Amino acid sequence: MSTRTLPLLFLNLGGEMLYILDQRLRAQSIPGEKARKDEWTDVDRKRVMNDIISAMFKKNFMEELFKPQDLYSKKALRTVYDRLAHTSIMRLNQASMDKLYDLMTMAFKYQVLLCPRPRDILLVTFNHLDAIKDFISDSPGILNQVDETFRQLIETYNCLSDGEFQLIRQTLLIFFQDMHIRVSIFLKDKVQNSNGRFVLPISGPVPWGTEVPGLIRIFNHKGVEVKRAEFTTAGNYVTPQREGSFELYGDRVLKLGTNMYSVTRPVETHMSGSSKNLASQAKENIVPNPLAKEELNFLARLLGGLDIQKPAGGETGFRLNLFTTDEEEEHAAQTRPEELSYKVINIEATQEPGRRAELSRILGELEVAEPRPGSAEKGEDLLALMDGL
């Protein structure tokens with residue numbers, strides 16, 4: 001396991017989350033002069049995006065994230081994203097948050113699988129950060145926060161060897177290996193099977209620095225080429241014209257990690273059969289986590305800087321529904337396997353030993369939810385863009 005994987009996982013999943021939220025909010029925005037009090041406007045969308053991105057790239061948050069450390073559990077990371085999504089005036093209930101997280105994880109899993117070489121995972125991350133900078137281009141203060149993280153990424157990862165990037169890729173694939181959520185975009189493009197597993201291409205550009213397969217060279221003991229043999233391949237391969245830029249600005253060349261929601265397409269998620277079976281076995285195979293205390297301390301440090309924004313005055317939180325109707329959202333909440341549902345825990349970061357002990361004691365209660373604003377919230381009848389399955 002690589003101790004340098006966490007920042008890449010967090011930033012790429014966070015980028016996917018912002019893509020989805022931005023697209024949903026854009027589709028539901030009403031011109032300000034025509035909007036009722038309970039409807040979204042473009043001003044609301046920008047406020048939500050600015051709040052989340054500002055919290056996501058907060059300096060002390062990034063400092064904790066970039067410390068070399070093992071990758072923590074899916075539940076721990078999911079708790080961070082739940083808290084992050086609610087640092088704005090937007091509110092998501094459990095079913096919509098589950099759906100959002102499914103879309104985030106499956107998109108990044110596919111990108112990791114398709115990376116031509118392990119080092120290209122960094123280019124995928126840069127694509128996400130480039131898009132995030134576009135979201136807040138008119139907010140120079142937040143833009144500086146993102147640029148600082150960009151520089152930290154370059155300083156931390158540009159010097160790593162290919163072997164270290166291969167270890168990072170393996171760590172990411174281990175994290176995703178049991179996640180087989182079907183997504184309609186992938187199913188319609190025939191890059192995902194009905195069981196939720198991805199179909200990898202056998203054609204296309206080869207990794208930068210490698211040659212198109214089809215030639216075997218034989219060398220003698222002195223390193224001199226003495227024979228060549230050609231063979232046919234099953235795919236159609238091409239050599240990339242240039243390498244993507246690993247600098248603060250530049251052409252990344254690689255398109256993985258760019259916004260696939262920029263064109264409106266219906267997207268939906270469904271649990272595959274194998275994932276449901278894994279969920280049903282989860283209760284039977286629960287064992288104590290030997291890293292429980294460390295994981296909770298990790299959460300405490302990270303979440304301490306992510307305060308859920310409470311509406312000022314009489315303002316209510318704006319609710320975003322990621323389903324077509326409220327009835328579908330309620331049904332999803334009732335039918336989703338309990339083992340795969342995540343709720344929110346508020347962890348107050350503190351250095352007091354007594355508080356640390358209390359946090360460790362409640363590790364097993366990570367699924368205790370904090371109530372969210374109710375049905376009177378703004379946008380309760382929002383239509384979801386991503387339906388289909």
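**A walk through a hairpin and a helix pair**

Let's start with one pair of residues: Ile216 stands opposite Ala229 in strand 5. A second pair sits beside that one in the numbering, with Leu215 opposite Glu230 of strand 5. Keep in mind as you look around that this is a predicted model.

Those pairs belong to a piece of structure you can trace by eye. Strand 4 covers residues 215–219, and five bridges tie it to strand 5, with the two strands running antiparallel. Together, strand 4 and strand 5 make a hairpin, and five residues lie between them. Have a look at Gly223 in that turn: its phi is positive, at about 85 degrees.

Now pick out Arg228, another residue of strand 5. Which residues does Arg228 touch, once those up to four places away in sequence are set aside? They are Leu215, Ile216 and Arg217. Take Arg217 from that list: Arg228 and Arg217 are 11 residues apart along the chain, yet their C-alpha atoms are separated by 4.7 Å.

So how many of the six residues in strand 5 are buried? The count is zero, and strand 5, which spans residues 225–230, is hardly covered. To see what that says, it helps to know that a residue counts as buried when its relative accessible area is under 20%.

Let's move on to a pair of helices. Helix 5 takes in residues 94–114 and helix 8 takes in residues 162–176. In general, two packed helices are described by the angle between their axes and the distance between the axes. For helix 5 and helix 8, the angle is about 140 degrees, and the axes are 10 Å apart. That angle is why helix 5 is called oblique to helix 8. Their crossing is left-handed. On the helix 5 side, the contact is made by Tyr101, Thr105, Phe108, Lys109, Val112 and Leu113. Helix 8 answers with Arg169, Leu172, Leu173, Phe175 and Phe176.

Finally, zoom out to the whole protein chain. Its secondary structure adds up to 13 helices and eight strands. The chain has 389 residues, and 49% of them are buried. As for the contacts with a separation of 6 or more, 80% are between residues 24 or more positions apart. The outside can be put into numbers too: the accessible surface of the chain is about 18,800 Å², and carbon and sulfur atoms account for 52% of it.

Conventions: Residues numbered from 1 in each chain as written. Predicted model: local features only at pLDDT ≥ 70, side-chain atom pairs only at ≥ 80, totals over all residues. Heavy atoms only, no water. Buried < 20%, exposed > 50% of the residue type's maximum accessible area, 1.4 Å probe, protein only. Helix = DSSP H or I, 4+ residues; strand = E, 2+ residues; numbered from the N terminus. Pairing = 2+ DSSP bridges. Contact = heavy atoms within 4.5 Å. Areas by Shrake-Rupley, 256 points an atom, 1.4 Å probe, with all protein chains shown as cover. Axes fitted to C-alpha atoms, helices over the stretch in contact; angles between N-to-C directions. Parallel < 35°, antiparallel > 145°, perpendicular 65-115°, else oblique. Left-handed = near helix turned anticlockwise from the far one by under 90°.
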